Amino acid sequence: MGAGSGQDKPRDAPARRGIDADIAYGQLLRRMTSESPDIRYALVVPTSSVKAAERVPAHVRRLLRIDLYEVTDDNQVRQLPQ
């Protein structure tokens with residue numbers, strides 16, 4: 001079953017979440033056009049992708065002014081600590 005077929009095996013899910021997080025960071029970085037220190041950026045991920053999103057170290061996210069948010073399984077949104 002190929003990527004994007006919607007039939008990925010469960011063991012492929014963690015790898016897919018990691019790739020998805022990497023793509024999300026790449027898209028966010030390309031859109032970070034302001035040099036103003038007052039501007040902050042955010043990446044919002046489901047609970048299942050938090051570990052993948054946290055692979056970017058907190059000190060790097062702080063330098064880039066990127067906040068990380070989690071959307072829980074019951075649709076609650078919370079900012080993750082840096």
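Helices and strands are here taken as DSSP runs, with at least four residues for a helix and at least two for a strand, numbered from the N terminus. On this basis the predicted model contains three helices and three strands. Read from the N terminus, these elements follow the order α-β-α-α-β-β. The mean pLDDT of the protein is 89, and 87% of the residues reach a score of at least 70. Among the elements, the lowest mean pLDDT belongs to α1, at 91, and the highest to β2, at 98. Where pLDDT is low, the predicted coordinates should not be read in detail.

Burial and long-range contacts were examined next. Of the 82 residues, 24% count as buried. The protein exposes about 5800 Å², of which 54% is supplied by carbon and sulfur atoms. When contacts between residues at least 6 apart in sequence are considered, 52% of them join residues at least 24 apart.

The largest nonpolar core comprises 11 residues, namely Tyr25, Leu28, Met32, Tyr41, Leu43, Val45, Val50, Ala53, Ile66, Leu68 and Leu80. At least two residues of this core come from each of α1, β1, α2 and β2. The greatest contribution is that of β1, which provides three residues.

Leu43, one of the residues of this core, is located in strand β1. Leu43 is classed as buried because its relative accessibility is 7%, below the 20% limit used for burial. With neighbours within four places in sequence left aside, Leu43 is in contact with Ala24, Tyr25, Leu28, Ala53, Ile66, Asp67, Leu68 and Tyr69. Several of these partners, including Tyr25, Leu28, Ala53, Ile66 and Leu68, are listed in the largest nonpolar core. Leu43 and Gln79 are 36 residues apart along the chain, and their C-alpha atoms are separated by 9.9 Å.

The charged side chains were then considered. The model holds four salt bridges, three of which are described here. Within helix α1, Asp20 pairs with Arg16, and the closest N and O atoms lie 3.5 Å apart, inside the 4 Å limit for a salt bridge. Asp20 and Arg16 are separated by about one helical turn, because they stand four residues apart in helix α1. Both partners are partly exposed, with a relative accessible area of 37% for Asp20 and a relative accessibility of 27% for Arg16.

A second salt bridge joins the side chains of Arg55 and Asp22, with an N to O distance of 2.8 Å. Arg55 is in the loop between α2 (50-53) and α3 (58-64), whereas Asp22 belongs to helix α1, so the pair ties together parts of the chain that are 33 residues apart in sequence. Asp22 counts as partly exposed, at 46% relative accessibility.

Arg40 and Asp67 form a further salt bridge, in which the closest N and O atoms are 2.7 Å apart. This pair links distant parts of the chain, since Arg40 is in the loop between α1 and β1 (41-46) and Asp67 is in strand β2 (residues 66-71), 27 residues apart. The two partners fall into separate accessibility classes: Arg40 is partly exposed at 42% relative accessibility, whereas Asp67 is buried at 9%. Asp67 is also among the residues that touch Leu43.

Nonpolar side chains also appear at the surface. Leu29, Leu63 and Leu64 make a nonpolar surface patch of about 290 Å². Leu29 is situated in helix α1, which spans residues 13-31. With a relative accessibility of 43%, Leu29 is classed as partly exposed, a value that satisfies the requirement of over 30% for patch residues.

Val60 is placed in helix α3. The relative accessible area of Val60 is 28%, so this residue is partly exposed. Val60 and Gln82 lie 22 residues apart in sequence, with a C-alpha to C-alpha distance of 9.9 Å.

Methods: Residues numbered from 1 in each chain as written. Predicted model: local features only at pLDDT ≥ 70, side-chain atom pairs only at ≥ 80, totals over all residues. Heavy atoms only, no water. Patch = residues over 30% accessible without salt bridge, like charges linked within 9 Å, V, L, I, M, F, W, Y side chains within 5 Å. Areas by Shrake-Rupley, 256 points an atom, 1.4 Å probe, with all protein chains shown as cover. Buried < 20%, exposed > 50% of the residue type's maximum accessible area, 1.4 Å probe, protein only. Core = buried A, V, L, I, M, F, W, Y, C linked by side-chain atoms within 4.5 Å. Contact = heavy atoms within 4.5 Å. pLDDT = per-residue confidence, 0-100.
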